[in-house]
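Me: I'd like to learn how to read a ligand site and the pockets of a protein. Could you walk me through one?

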Amino acid sequence: MIFTVAIDGPAAAGKGTISRAVAARFGFAHLDTGLLYRAVGAKGGDPVAAARGLTEADLARDDLRTLAAGQAASKVAAVPAVRAALVEFQRRFARRNGGAVLDGRDIGTVICPDAAVKLYVTASPETRAHRRWLELGGDAAQVLAEVLERDARDMGRADAPLRPAEDAVVLDTTDMTIDAAVARAVAVIDARLAARGQG
Ligand code: C5P
């Protein structure tokens, strides 16, 4: 069975947690596509060469979750040739047998426009910055500034800007517990599987 779940949205909206939970719930494989851009940014040097030569080992680095790695990622992610170099890998993953969840910024709009389920997970910038601060610590005002800066870069770029696909279900997690957000995502996927006769 090919069944792709595309989960997009801005940084720290809850995409990662929701993606991991629904992948575990349905037995789907999960790809955090932000990690690809983080790994390219962390390699340094020519980002296009880094994207073309990306290996599993690059994705296993333990310094990819920092604020600095997020900023570096969103800079290389604005380079069209970097994005182009990563398309095939993501599409192959999405079409693997048994179902796949991909989370990122352009999964429902560019990578998998035919995904069976598209979710756009968002929350207010203040809420997202607070969550990031709880996770990483540091100066709260600076964390908010970095969230806003990354939003502006991801939404403002010419190639594959962050935006909800027209047929995406929008999930605003500002005032939602993570359990409620996961339950809502599971309900959307269940309904789609049932409509396909696979529920
Ligand atoms: O999701 P995460 O915060 O790890 O993503 C890091 C950066 O990678 C994002 O700010 C964005 O610029 C870029 N990205 C992207 N397209 C994706 C996933 C991530 O441009 N599908």
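Reply: Sure, let's go through the ligand first and the pockets after that. Keep in mind that this is a predicted model.

Me: Which residues come nearest to the ligand?

Reply: Start with the shell, meaning residues with a heavy atom within 4 Å of the ligand. Here there are 14 of them, and R38, R83, R150, D154 and R157 come nearest. By class, the shell splits into 7 charged, 4 polar and 3 nonpolar residues.

Me: Which polar side-chain atoms should I look at, and how far are they from the ligand?

Reply: Look for pairs of N or O atoms within 3.5 Å. R150 has a polar side-chain atom 2.7 Å from a ligand oxygen, and R157 has one 2.9 Å from an oxygen atom of the ligand. On the nitrogen side, a polar side-chain atom of D106 sits 2.9 Å from a ligand nitrogen.

Me: How much of the ligand does the protein bury?

Reply: Compare the ligand alone with the ligand in place. Alone it exposes 450 Å², and the protein buries 97% of that.

Me: Which elements build the shell?

Reply: α2 (34-43), α5 (67-76) and α9 (140-156) each give two or more residues. The largest share, 3 residues, is from α2.

Me: And what about the pockets?

Reply: The ligand takes up the space of the largest pocket, whose volume is about 700 Å³. Its lining has 35 residues, with A11, A12, K15, G16 and R132 nearest the centre. The lining counts 15 charged, 10 polar and 10 nonpolar residues. The second largest pocket holds about 160 Å³, and its lining has 8 nonpolar, 4 charged and 1 polar residues.

Definitions and conventions:
Residues numbered from 1 in each chain as written. Predicted model: local features only at pLDDT ≥ 70, side-chain atom pairs only at ≥ 80, totals over all residues. Heavy atoms only, no water. Polar contact = N/O pair within 3.5 Å; in protein donor to acceptor, adjacent residues only side chain to side chain. Areas by Shrake-Rupley, 256 points an atom, 1.4 Å probe, with all protein chains shown as cover. 1 Å grid on protein atoms, 1.4 Å probe; cavity = no way out; pocket = protein on both sides within 12 Å on 5 of 7 lines; lining within 4 Å. Sits in = over half its atoms within 2 Å of the grid points. Helix = DSSP H or I, 4+ residues; strand = E, 2+ residues; numbered from the N terminus. Nonpolar A, V, L, I, M, F, W, Y, C, P; charged D, E, K, R; others polar. Points joined across faces, edges and corners; volume = space filled by probe spheres on them.
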